[in-house]
Amino acid sequence: MVIGHEMTHGFDSIGRMFDKHGNLVQWWSAETIEAFNQRALCFVKQYDKYVPPELSDIGLQIPVNGVQTLAENIADNGGIREGFRAYQAYVDRYGEEQTLPGLSDYSPQHIFYLGFANAWCEHKSAEMVLKLLVLDAHSPGRFRVQGSLSNDEEFSRVWQCPAGSPMNTGKDRCLLW
């Protein structure tokens, strides 16, 4: 997932502005840029709706800034999809992994997504969450998980999330690539 995340940065709202040599060059057509901007707007609107519960709990309804976090949100969404594709290619080549002891209720595909979510597990004070909303290019961990996985068709299939549920945005799914 992390490799897919970093690769996706080359084609996100910032990385797309640089050519293969790292030079600031407009190498996309106007038509491609327009299509990119239309699709990227879906992510902006989606993440703009997320309000950290740490702030809600103290009476503040301050959402994530979808524009400020756009490049990282695009990379998270691309990274999880590319990571799962890479995992599936591994399974196709080497076979399905054994079920982990004590976790027989979960398939290896379930464990893949649980591992992703676990990577962003965090506990922060309301003050720190507020500070990071202002300064950080990343969404809070919970929304890195919720945003990416609710847009991921494979996640919805593996976990059998009903269309329109919070973790399966269905036809409203944001997809850039």
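1. Which side chain meets that of Arg-142 in a salt bridge? In this predicted model, the partner is Glu-54, with an N to O distance of 3.8 Å. The two residues belong to distant parts of the chain: Arg-142 lies in helix α7 (residues 141-150) and Glu-54 in helix α3 (residues 53-56), 88 residues apart. The 3.8 Å separation qualifies because the criterion admits a side-chain nitrogen of Lys or Arg within 4 Å of a carboxyl oxygen of Asp or Glu. Arg-142 is partly exposed, at 41% relative accessible area, and Glu-54 is likewise classed as partly exposed, at 21%. The value for Glu-54 is 21%, and the class is therefore partly exposed, since buried means under 20%.

2. The whole structure contains 6 salt bridges. One of them joins Arg-85 to Glu-82, at 2.6 Å from N to O. Both residues are in helix α4, 3 residues apart, or about one turn of the helix. Arg-85 is partly exposed, with a relative accessible area of 49%, and Glu-82 is partly exposed at 34%.

3. A further salt bridge connects Glu-154 with Arg-157, where the closest N and O atoms are 2.7 Å apart. Here too the partners share a helix, namely α8 (residues 153-159), and stand 3 residues apart, about one turn. Relative accessibility is 32% for Glu-154, which counts as partly exposed, and 48% for Arg-157, also partly exposed.

4. Turning to the aromatic residues, the count of ring pairs is 14. In one of these, the rings of Trp-28 and Phe-36 have centres 5.3 Å apart and planes at 65°, so the arrangement is edge-to-face. Trp-28 is buried, with 10% relative accessible area, and Phe-36 is buried at 4%.

5. Phe-84 and Tyr-87 make a tilted aromatic pair, with 6.4 Å between centres and 45° between planes. The label is tilted because the angle is neither under 30 degrees, as stacked requires, nor over 60, as edge-to-face requires. Both residues sit in helix α4 (residues 70-94), 3 residues apart, and are thus separated by about one helical turn. Phe-84 is buried at 3% relative accessible area, as is Tyr-87 at 11%. The two residues also belong to one aromatic cluster, together with Tyr-106, Phe-112, Tyr-113, Phe-155 and Trp-159.

6. A charge lies over a ring at Trp-120: the charged end of Arg-144 is placed 3.7 Å from the ring centre.

7. The largest nonpolar core comprises 18 residues, and Phe-36, Phe-43, Val-64, Leu-70 and Ile-74 have the most contacts inside it. Helices α2 (30-48), α4 and α6 (126-135) are the elements that each give two or more residues to this core. The largest share, 6 residues, comes from α2. Phe-36, listed here among the residues with the most contacts, is also the ring partner of Trp-28.

8. Which residues does Val-64 touch, leaving aside those up to four places away in sequence? The neighbours are Tyr-47, Asp-48, Tyr-50, Thr-69, Leu-133, Ser-139, Pro-140 and Phe-143. Apart from the largest core lies another one, of 12 residues, including Ile-80, Phe-84, Leu-149 and Val-158. Phe-84 therefore has a place both in this core and in the aromatic cluster, in keeping with its buried state at 3% relative accessible area.

Definitions and conventions. Residues are numbered from 1 along each chain as its sequence is written. This is a predicted model: local features need pLDDT of at least 70, side-chain atom pairs count only at pLDDT 80 or more; totals for chains, interfaces and linings use all residues. Side-chain values use heavy atoms; hydrogens and water are left out. Rings of Phe, Tyr and Trp (its six-membered ring) pair if their centres lie within 6.5 Å; planes under 30 degrees apart count as stacked, over 60 as edge-to-face and the rest as tilted. Buried means under 20% relative accessible area, exposed over 50%, partly exposed in between (1.4 Å probe, protein chains only). Helices (H or I, at least four residues) and strands (E, at least two) are DSSP runs, numbered from the N terminus. A charge sits over a ring if NZ of Lys or CZ of Arg is within 6 Å of the ring centre and within 35 degrees of the ring normal. A nonpolar core is a set of buried Ala, Val, Leu, Ile, Met, Phe, Trp, Tyr and Cys residues joined through side-chain atoms within 4.5 Å. Contact means heavy atoms within 4.5 Å.
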